[in-house]
Amino acid sequence: APAGSSATGGLSNVTDAAALTGLKTLTQYYVVTAFLALFIGVMLGPLQALNYGGVNVYEYPLLKALIRSYYQGLTLHGVLNALVFTQFFISGWLLYLPLRELTQAGGARPNLRFAWFTYLLMTAGLLTAAVPLLSNDATVLYTFYPPLEGSPVFYIGAGVMVAASLLVAGQVVWTWLAWKRAHPGRVTPVVTYMSVATWLMWAVAALGLVVEVVVMLIPWSLGLTRGVDPLLARTLFWWTGHPIVYFWLLPAYVSWYAFLPRQAGGRMASEGLTRLSFAMFLVFSVPVGLHHQYADPNVQSSWKVIHMFLTFLVAVPSLLTAFSVAASLEDAARARGGRGVVGWMRRLPWGNASVTAQVLAMVSFIFGGAGGIVNASIAFAPVVHNTAWIPGHFHITVGTATTLTFMGVAFWLVPHLTGKRLFAPRAALASAWLWFGGMMLFALGMHWQGLAGVPRRAQVSASAQQAAYDAMNLGVPRALTALSGVILLVAGLTFFTVLFRTLLSARRDNPEDTAIPVSDTISPAGASLTAATPLVRHTEPLLALTLLALILVALVYGPVIAPMLANYQAVPGQRLW
Ligand code: HAS
Ligand code: HEM
């Protein structure tokens, strides 16, 4: 794709140019909604970090007036950060990028009416779910495990949000297929390839959650059924719940592969390898959910072990990615005069906030990924499961690898979409370092506490639990966790000041400021499928790979779910808050 820079991306066709301008406006809405959710979610995080530092702030009258309990705050934090922020950002990002690329390549054009309808539907779902969350009628945490029973309005709102994301997926796949019909025998452009693979993976992944919410939770919460089976509900939840983490990760990978190299002054390493990595995620992301359920009874151990091995397999495309993106960064640094085995790293453009945020996000993911492999190992899992180790793990995966990448992307994407200049680039740079530093400290404190046996999802600072917590003598990790909360508060406030001041500044429309940084490739795929390498040819049929994914999921979930259906236990709901 051409490295389109102006508002029209250099298009001569006026209708296409207008469609792309309209798409930019829509993407702004998605991105701004996402960051508004993150803002509220992030403001709650430090309170929880203080809790794990032994400081209970939940009794202060002002806070009590805003949130009723630790668990209402934690539900809002998990839902807004992990479900709302990610979904809105990704829906904008992975709608805009492929539709823009395909429109520029000719033969396909976005359907803006449909795209706006989808955004409005997703927002309606969000606002619907927000009502019971804010009124303390759905304090069920972001995993909403039954028999905890929230208001039906919450499940309906969440269901509408997920349905809207599937419509985004549908629009991207539909437009891609239209482009394929217009260009038979052509290789799919790489950004579109990555986006379509991610959306198809999400479509297979979402099936579990859709069935859980539509068939089980909504009728049950409306009082139409006697109860639900908690084990079946958890199994359907984790069918979606593990691959959802790749739905959060792959859009960051899109940036690491396609844009970051150019921003750093280098090139993507290999288009074939990039496509292989995404094809592997499409096939292997879903059939792994039982690694969240090693402790659940009534699931055969043999199936847990099979899911464990498949989990190790899905780590492979991340290892390929580590190799590829490191090669791109080295290419960039050497082009800037970098020397030595590791000395080249100094020559990366560390003054650029967008690059720095994303490279730091990658560094956090080295530790996050290693911790994930520990969690997945059935021998280690009993030591870390349900302890503070787990929030330690996911704040350096979704909380940093994903979130800090999206923040870094926002530093160029928001100027690109709005024609405005980034406000205070040095403050943007500081926010990236503070976020990274804060999250690494947080991870250290929480992993440490987890190994000592401190549970997750526990108000350990509340008077009833304080004595037991104090007796654990965890002064150092507690202090690290509390300190990290303060640093992250400063990081968050700095980032949001930069973001909102950028959004509120005047337009400048300087193409230099608003270019989209599409990278060149050291080893490209070429345009024609007949001339392409076998790797490129075999990874092209994404629909066939999706079918393969579905077959694999049926094979490893069928024998797990069938006995649960045969022994369905209708358990009545509980409201513990
Ligand atoms: Fe995880 C629990 C296993 C990845 C998120 N995970 C969670 C939960 C969340 C989450 C939210 O097996 C909590 C759910 C809950 O509330 O209960 N996770 C894994 C494994 C991976 C993994 C094997 N997780 C993620 C990602 C997430 C995420 C990604 C979000 C985005 N996770 C688990 C397990 C549990 C779990 C169990 C259940 C625990 C329990 O007991 O409850 C793998 O996909 C990780 C593979 C990653 C790598 C790292 C590759 C490194 C790269 C960076 C390279 C850096 C460079 C920088 C090149 C192998 C790509 C160069 C730098 C320069 C300066 C030049
Ligand atoms: C849970 C702190 C940002 C997603 C937690 C917990 C703490 C915390 C201490 C554990 C609570 C418990 O287990 O009782 C923070 C701080 C943040 C931050 C200080 C930064 C200011 C984020 C971000 C995300 C995120 C950016 C995702 C995008 C989550 C999720 C949970 C959680 C999904 C689990 C909620 C649950 O167990 O139901 N956070 N967090 N957090 N956080 Fe964060």
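## Salt bridges and ligand sites in a predicted model

Let's start with Glu-59, which pairs with Lys-64 in a salt bridge, their closest N and O atoms being 3.3 Å apart. The term salt bridge here covers a side-chain nitrogen of Lys or Arg within 4 Å of a carboxyl oxygen of Asp or Glu. Lys-64 is partly exposed, with a relative accessible area of 42%; buried means under 20%, exposed over 50%, and partly exposed in between (1.4 Å probe, protein chains only).

A word on the ground rules: this is a predicted model, where local features need pLDDT of at least 70 and side-chain atom pairs count only at pLDDT 80 or more, while totals for chains, interfaces and linings use all residues. Residues are numbered from 1 along each chain as its sequence is written, chains are lettered from A and ligands numbered from 1 in the order in which they are written, and side-chain values use heavy atoms, with hydrogens and water left out.

Back to the pairs: the count comes to 9 salt bridges, including these:

| Pair | N to O distance |
|---|---|
| Glu-59 and Lys-64 | 3.3 Å |
| Arg-234 and Asp-296 | 2.8 Å |
| Asp-470 and Arg-478 | 3.0 Å |

Both Arg-234 and Asp-296 are buried. In the third pair, Asp-470 is partly exposed at 36%, whereas Arg-478 is buried at 13%. There's also a salt-bridge network that links Lys-180, Arg-275 and Glu-540.

Now for the ligands. His-393 is the only protein donor of the iron atom of ligand 1, reaching it through NE2 at 2.2 Å; donors are N, O and S atoms within 2.8 Å of the metal (3.2 Å for Na, K and Ca), and water is not among the atoms, so sites may look incomplete. His-393 sits in helix 14, where helices are DSSP runs (H or I, at least four residues) numbered from the N terminus.

Ligand 2 has 25 residues around it, and Tyr-70, His-77, His-395, Arg-456 and Arg-457 come nearest; to be near, a residue needs a heavy atom within 4 Å. His-77 puts a polar side-chain atom 2.8 Å from a nitrogen atom of ligand 2, and His-395 does so at 2.8 Å too. Arg-456 has a polar side-chain atom 3.2 Å from an oxygen atom of ligand 2. Helix 3 gives the largest share of this shell, 6 residues.

How values were computed. Polar contact = N/O pair within 3.5 Å; in protein donor to acceptor, adjacent residues only side chain to side chain. Helix = DSSP H or I, 4+ residues; strand = E, 2+ residues; numbered from the N terminus.
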